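Trainee: I would like a close look at one part of this model, the part where charged side chains meet. Please put it in the setting of the whole chain before going into detail.

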Amino acid sequence: MDEKAQISAEMILLIGAMLIIVIVAGGYILGITQSVAGNITSVIDTARDTTINRM
(Lines give C-alpha, C1' and ligand atoms only; values in the text may rest on other atoms or scores of the structure.)
Protein backbone atom coordinates (compact mmCIF):
# COMPACT_ATOMS: atom_id res chain seq x y z
CA MET A 1 0.00 0.00 0.00
CA ASP A 2 2.88 2.35 0.72
CA GLU A 3 4.29 1.82 -2.78
CA LYS A 4 1.03 3.00 -4.38
CA ALA A 5 1.11 6.20 -2.34
CA GLN A 6 4.74 6.78 -3.36
CA ILE A 7 3.88 6.31 -7.03
CA SER A 8 0.94 8.71 -6.72
CA ALA A 9 3.12 11.35 -5.09
CA GLU A 10 5.76 10.99 -7.80
CA MET A 11 3.12 11.28 -10.53
CA ILE A 12 1.76 14.46 -8.95
CA LEU A 13 5.27 15.94 -8.82
CA LEU A 14 5.97 14.99 -12.44
CA ILE A 15 2.70 16.45 -13.67
CA GLY A 16 3.36 19.64 -11.69
CA ALA A 17 6.86 19.95 -13.12
CA MET A 18 5.57 19.43 -16.66
CA LEU A 19 2.88 22.05 -16.09
CA ILE A 20 5.46 24.59 -14.95
CA ILE A 21 7.63 23.85 -18.00
CA VAL A 22 4.65 24.32 -20.32
CA ILE A 23 3.72 27.63 -18.67
CA VAL A 24 7.30 28.98 -18.89
CA ALA A 25 7.65 27.86 -22.52
CA GLY A 26 4.29 29.46 -23.33
CA GLY A 27 5.48 32.73 -21.84
CA TYR A 28 8.61 32.72 -24.01
CA ILE A 29 6.61 31.81 -27.12
CA LEU A 30 4.09 34.58 -26.41
CA GLY A 31 6.91 37.10 -26.06
CA ILE A 32 8.50 36.01 -29.32
CA THR A 33 5.14 36.12 -31.10
CA GLN A 34 4.44 39.65 -29.89
CA SER A 35 7.92 40.75 -30.96
CA VAL A 36 7.44 39.34 -34.45
CA ALA A 37 3.99 40.92 -34.72
CA GLY A 38 5.43 44.27 -33.68
CA ASN A 39 8.18 44.02 -36.29
CA ILE A 40 5.73 43.09 -39.03
CA THR A 41 3.47 45.99 -38.07
CA SER A 42 6.43 48.37 -38.20
CA VAL A 43 7.45 47.15 -41.65
CA ILE A 44 3.90 47.44 -42.98
CA ASP A 45 3.53 50.96 -41.56
CA THR A 46 6.83 52.05 -43.11
CA ALA A 47 5.92 50.55 -46.48
CA ARG A 48 2.49 52.20 -46.40
CA ASP A 49 3.96 55.60 -45.54
CA THR A 50 6.62 55.30 -48.24
CA THR A 51 4.02 54.30 -50.84
CA ILE A 52 1.72 57.17 -49.90
CA ASN A 53 4.59 59.66 -50.06
CA ARG A 54 5.55 58.49 -53.55
CA MET A 55 2.05 59.13 -54.86
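Trainee: What percentage of the 55 residues of the chain count as buried? And which residues are linked in a network of salt bridges?

Mentor: The model is predicted, so local features need pLDDT of at least 70 and side-chain atom pairs count only at pLDDT 80 or more, while totals for chains, interfaces and linings use all residues. Residues are numbered from 1 along each chain as its sequence is written, and side-chain values use heavy atoms, with hydrogens and water left out.

Of the 55 residues, 0% count as buried, where buried means under 20% relative accessible area, exposed over 50%, and partly exposed in between, with a 1.4 Å probe and protein chains only. The chain has one helix and zero strands; helices (H or I, at least four residues) and strands (E, at least two) are DSSP runs, numbered from the N terminus. The radius of gyration is 24 Å, well over the 10 Å that the globule rule gives for 55 residues, so the chain is more spread out than a compact globule. That radius is taken over C-alpha atoms, and the rule is 2.2 Å times the number of residues to the power 0.38. Along the principal axes, the C-alpha atoms fill a box of roughly 80 × 10 × 5 Å.

Now the charged part. Side chains of opposite charge can pair when their charged atoms come close. Here a salt bridge is a side-chain nitrogen of Lys or Arg within 4 Å of a carboxyl oxygen of Asp or Glu. The structure holds two of them. In one, D45 pairs with R48, and the closest N and O atoms are 3.4 Å apart. D45 and R48 both lie in helix α1, three residues apart, about one turn of the helix. In the other, R48 pairs with D49, with 3.7 Å between the closest N and O atoms. D45, R48 and D49 are thus the residues linked in a network of salt bridges.

How accessible are these three side chains? D45 counts as partly exposed at 29% relative accessibility. R48 is also partly exposed, with a relative accessible area of 45%, and D49 is partly exposed at 38%.

For contrast, consider a residue elsewhere on the helix. L14 is in helix α1, which covers residues 2-54, and L14 is exposed, with a relative accessible area of 52%.
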